[in-house]
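Please open the model in your viewer and keep the side chains ready to display. The tour below moves from charged pairs to enclosed space, one selection at a time.

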Amino acid sequence: MTSVQHSENAQPAIEGAVREAATAGIPTALADLGALVRIPSIAWPAFEQSHVSRSAEAVAALAEGTGVFDSVRVLDAAIPGTDERGRPAVLATRAARNGRPTVLLYAHHDVQPTGDDALWESPPFEPTVRGGRLYGRGAADDKAGIMAHIASLRAIREVAGDDLDLGIAMFIEGEEEYGSRSFGQFLADNRDALRSDVIVVADSGNWDSETPALTVTLRGNARFTLTVRTLDHASHSGMFGGAVPDAMLATIKLLATLWDDEGAVAVEGMTTRDAETPEYTEQTLRDEAGLLPGVSPIGTGTILSRIWNKPSITVTGIDHTTVAAASNTLAPQISVVVSARVAPGQDAEQAYAALEAHLRAHAPFGAELTFSDVDCGDGFLVDTSGWAVDAAHDAMRDGYGVDPVDVGVGGSIPFIADLVREFPGAQILVTGVEDPQSRAHSPNESLHLDTFRHAVLTEALLLARLNARTAP
């Protein structure tokens, strides 16, 4: 272990040593990331939950191995309003010394389901390197976030040794992809252990594989299941078709009212945010999203305003007869999952209320509507005037070698609203290791290896600088 005694004059030497230690630790960090990717830690109850527990234990062992923490525990919390408990999380802590600040490092160890395995070019839980990228479910979202934390902690521990005075809490959640249902309760149960001056949420992305980004806006979300019912039993489509509206017809007509002819959301009460966006071309959108040549983008305004500052609505699931089992039958009932993204600044519950009101007002043929499994999370707007934002920008500039950019993200991280509520004085930095080609949540998810190296170096430099700073 190398220990560099801290003083103002010694800071350049400390940061040079941190840079060397972070770079030297990348091969081990990638090997550890591969081991995490091999664990199919899908938190959804339809999947084997022992893998989530195994993943939590693996993360706890990595935290213990850094030698940084006074305490490492695998914990869960109650899901409010139910008799259930959430998925296991890892909470590791060390107290600040000598007037230094405390930083909370967040990531999550659960992953999305793989979808159709036939669409993967290599097995989703077998980490595979090709073309400078590591492929596998969770390789980017968000087990790379975990390893960015672990690798940076290893580097700062190696350099600072016993002179590491920075307070550090690390919270690795186990159910982010499943809605963070126990997150608020976990924060309440462990408020003192998690209390911090700066919170680094490593669960976002960068402008591209070479340019770092700090996420300063996130859309909220409103997700629910809609059930449409028109008949009390199925009937023969030849005998009654043309006179009886089946549930599928009603569902199609109803869902079509959610968008205008340009594909923009047409729900009164869902708002937009007025803010400038950087230049981003339609061709870039086509390249990054995989838009087919004959398919046009939807919505109005600049492309990034549609993604960052306006609402969107997607139907992500449907319960109906499969194509293989299709029969000449009028369906009595159809259920769909509707996932809406809410513009930053609008209350997600308010947006959901507008959606429900719209659907009830537009139900065709008097169809019966039922709403269930409602899940809402507010968006996020960063105060970019804080000192920690400046520190993050500087660390990114030095870690990547290019100027960072502030970005919005069309996705949602609803638990950030919980962090803001519990720790109103903390500055929240939303960072990440993904780039536009990472395909998070999709087949062939991957991590750009050079981006990972830069992200580790960035966070290690940020920690070294926080360790030299007096707590606010």
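Begin by selecting Glu422 and Arg421, whose side chains meet in a salt bridge with an N to O distance of 3.6 Å. This is a predicted model, and the distances quoted on the tour are computed from it. Colour the two residues by accessibility and they fall into separate classes: Glu422, at 15% relative accessibility, counts as buried, whereas Arg421, at 48%, counts as partly exposed.

Which residues are linked with Arg421 and Glu422 in a network of salt bridges? Add Arg191 and Asp418 to the selection, and the four residues of that network are on screen together. Across the structure, there are 19 salt bridges in all.

Next, select Arg397 and Asp403, which form a salt bridge whose closest N and O atoms are 2.8 Å apart. Arg397 is partly exposed here, with a relative accessible area of 34%.

Now move to Arg465 and Glu15, where the side chains form a salt bridge at 2.9 Å, N to O. Showing the helices as ribbons helps at this stop, since the pair links distant parts of the chain: Arg465 belongs to helix 14 (residues 449–466) and Glu15 to helix 1 (residues 11–24), and the two residues are 450 residues apart. Arg465 is partly exposed, with a relative accessible area of 22%, while Glu15 is buried, its relative accessible area being 16%.

Keep helix 14 displayed and turn to the enclosed space. How many cavities of 30 Å³ or more does a search of the whole structure find? The search finds three, and the largest of these cavities holds about 160 Å³ of space. To centre the view on the largest cavity, select Met396, Thr431, Ala455, Thr458 and Glu459, which lie nearest its centre among the 14 residues that line it.

Which elements each supply at least two residues of this lining? Select strand 7 (198–205), helix 12 (387–400), strand 17 (427–434) and helix 14, and you have them. Helix 14 provides the largest share of the lining, with four residues.

As a last step, colour the lining of the largest cavity by residue type: nine of its residues are nonpolar, four are polar and one is charged. Helix 14 is thus a useful element to leave on screen at the end, as it carries Arg465 of the salt bridge with Glu15 and also contributes four residues to the lining of the largest cavity.

Terms used:
Residues numbered from 1 in each chain as written. Predicted model: local features only at pLDDT ≥ 70, side-chain atom pairs only at ≥ 80, totals over all residues. Heavy atoms only, no water. Buried < 20%, exposed > 50% of the residue type's maximum accessible area, 1.4 Å probe, protein only. 1 Å grid on protein atoms, 1.4 Å probe; cavity = no way out; pocket = protein on both sides within 12 Å on 5 of 7 lines; lining within 4 Å. Points joined across faces, edges and corners; volume = space filled by probe spheres on them. Nonpolar A, V, L, I, M, F, W, Y, C, P; charged D, E, K, R; others polar.
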